[in-house]
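This report describes a protein chain, beginning with a single residue and moving on to helices and the chain as a whole. Please keep the sequence and the structure in view while reading.

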Amino acid sequence: MTVAQPQPEGLSFECETGNYHTFCPISCVAWLYQKIEDSFFLVIGTKTCGYFLQNAMGVMIFAEPRYAMAELEEGDISAKLNDYDELKRLCLQIKRDRNPSVIVWIGTCTTEIIKTDLEGLAPKLESELGIPIVVARANGLDYAFTQGEDTVLAAMAARCPDKAPVAETEKNERNAIQKLMNFGRQKEDVAQEESEYVNHPPLVLFGSLPDPVVTNLTLELKKQGIKVSGWLPAKRYTELPVLEEGYYVAGVNPFLSRTATTLMRRRKCKLIGAPFPIGPDGTRAWIEKICSVFNIEPQGLDEREAQIWASMEDYLQIVRGKSVFFMGDNLLEVSLGRFLIRCGMTCPEIGIPYMDKRYQDAELKLLEKTCHEMGVPLPRIVEKPDNYNQIQRIYDLKPDLVITGMAHANPLEARGINTKWSVEFTFAQMHGFTNARDILELVTRPLRRNNSLKDLGWDKLVKEDAKV
């Protein structure tokens, strides 16, 4: 007679203060204006917003960046000035100096508080200027750090064409990905390759990634016979992907739930609920899910994943058996935690500013599966964590590494706790098979640094100073 073993409990979710202890989401401008090459971003807010942007992106000042700050003065806030005239003056100057294909208005907290009707002003001004004006609310009242991109992409999703172009000139303009992939190749070779694709419904991927990562993920799907019809955002606003009803869409980042909702509800697209392509395990699961939706048997993924794990063995030796704690900053925490657990780490707590369980459902299931397979306890997931309480838990748990926002890194380091800035993962190229090593390079850097300092006897000096 066998005794039934107790089933392991599922993931536990908690919510603490309700505050977002993260950067302001207007910082999304830093990577989006570089990704969308013919765009101009106009942030509408106060001098405080301007100071933040200046500090966050001041190093790019000599690159003549395509963003600006429309500073609200006392007259604007007290409604004594005409918003339309002021914004028209600024947009005319932008058109004259830069001539972008699109102007994106980023609304800040102040525009929310004084209820500036940006959505009402934009269409009228757009018709006068002859330049599309996209309005995105990226204020820190409602959104966490990376969700600024989510609001911009959700607004752009509404502007994607709903019919494939008929004229050859339009087709060529919108075929940016194919032109990039086929650069310098013979027409015959291209035609032969096109015939290798499986016949499946159009697939559009969404999420802002550097061009090399876009190419890598597109090629990984191409190996399975899957053709990517477009990316949101595209390199140029004029190349936004076609989104017809019934098109399939898949996300590459866990902070794009609003974009996913817009694509499903407003554009009637079908969302592929897959884990995110972060780490070799996540990339494999992402590809397998897309293949399963199109009834394709994936080929060569076992060997591909094993090859990547083998190439990272030097880093894996450093992290195996160590523990990692996420304080919560950029909404990548669940995906990173799942990957690091697969690498051999334990993770007692994953703090995250906002959790959309429907959009991250596949990722959460993969996290749970990974913990069971690796034989480690399930992490506790804390939404909108209270940083004071978290620090007390860090003192109790004594993790080997804390991944945190910049505000807490130095105070924790001063108390002998290894830290890594979460913002570095936001800007790193870490999606797909080829970039998994870069994640571990970031994760192990503080561990390797402190091991080197111990060899120099630095840890003894620190302890002596602490006693004094």
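Ile-131 has a relative accessibility of 5%, and because buried means under 20%, Ile-131 counts as buried. The model is a predicted one. Ile-131 sits in the loop between helix H6 (118-129) and strand E5 (133-137). Apart from neighbours within four places in sequence, Ile-131 is in contact with Lys-95, Pro-100, Ser-101, Val-102, Ile-103 and Glu-126. Of these contacts, Ile-103 is 28 residues from Ile-131 in sequence, and their C-alpha atoms are 7.2 Å apart in space.

Two helices can be described by their buried and exposed residues.

| Helix | Buried residues | Exposed residues on the face turned away | Arc of the buried residues |
|---|---|---|---|
| H14 (residues 301-311) | Leu-301, Arg-304, Glu-305, Ile-308, Trp-309 | Glu-303, Gln-307, Ala-310 | within 130 degrees |
| H18 (residues 387-397) | Asn-387, Gln-390, Ile-391, Arg-393, Ile-394 | Tyr-388, Asp-396 | within 160 degrees |

In H14, Leu-301, Arg-304, Glu-305, Ile-308 and Trp-309 are buried. Looking down the axis of H14, these buried residues fall within an arc of 130 degrees, so they line one face of the helix. The face of H14 turned away from that side carries exposed residues, including Gln-307.

In H18, the buried residues include Ile-391 and Ile-394. The buried residues of H18, seen down its axis, fall within an arc of 160 degrees, so they line one face of the helix. They pack against strand E10 (324-326), strand E11 (349-352), strand E12 (380-383), strand E13 (401-404) and helix H19 (406-414). Tyr-388 and Asp-396 are exposed on the face of H18 turned away from its buried side.

Next comes a pair of helices. Two packed helices are described by the angle between their axes and the distance between the axes. For helix H7 (residues 147-157) and helix H12 (residues 257-265), the angle is about 15 degrees and the axes are 7 Å apart. Angles under 35 degrees count as roughly parallel, so H7 is roughly parallel to H12. The crossing of H7 past H12 is right-handed. On the H7 side, the contact is made by Asp-150, Thr-151, Leu-153, Ala-154 and Ala-157, and on the H12 side by Ser-257, Arg-258, Thr-259, Thr-262 and Leu-263. Sorted by class, the contact of H7 with H12 has four nonpolar, four polar and two charged residues.

Finally, the whole chain. It has 22 helices and 14 strands. Of its 468 residues, 52% are buried. Among contacts in the chain with a separation of 6 or more, 76% are between residues 24 or more positions apart.

Notes. Residues are numbered from 1 along each chain as its sequence is written. This is a predicted model: local features need pLDDT of at least 70, side-chain atom pairs count only at pLDDT 80 or more; totals for chains, interfaces and linings use all residues. Side-chain values use heavy atoms; hydrogens and water are left out. Buried means under 20% relative accessible area, exposed over 50%, partly exposed in between (1.4 Å probe, protein chains only). Helices (H or I, at least four residues) and strands (E, at least two) are DSSP runs, numbered from the N terminus. The arc is that of the directions from the helix axis to the C-beta atoms. Axes are lines fitted to C-alpha atoms, for helices over the stretch in contact, and angles run from 0 to 180 degrees between N-to-C directions. Angles under 35 degrees count as roughly parallel, over 145 as roughly antiparallel, 65 to 115 as roughly perpendicular and the rest as oblique. A crossing is left-handed if the near helix is turned anticlockwise from the far one by less than a right angle, and right-handed if clockwise. Contact means heavy atoms within 4.5 Å. Ala, Val, Leu, Ile, Met, Phe, Trp, Tyr, Cys and Pro count as nonpolar, Asp, Glu, Lys and Arg as charged, and the others, Gly among them, as polar.
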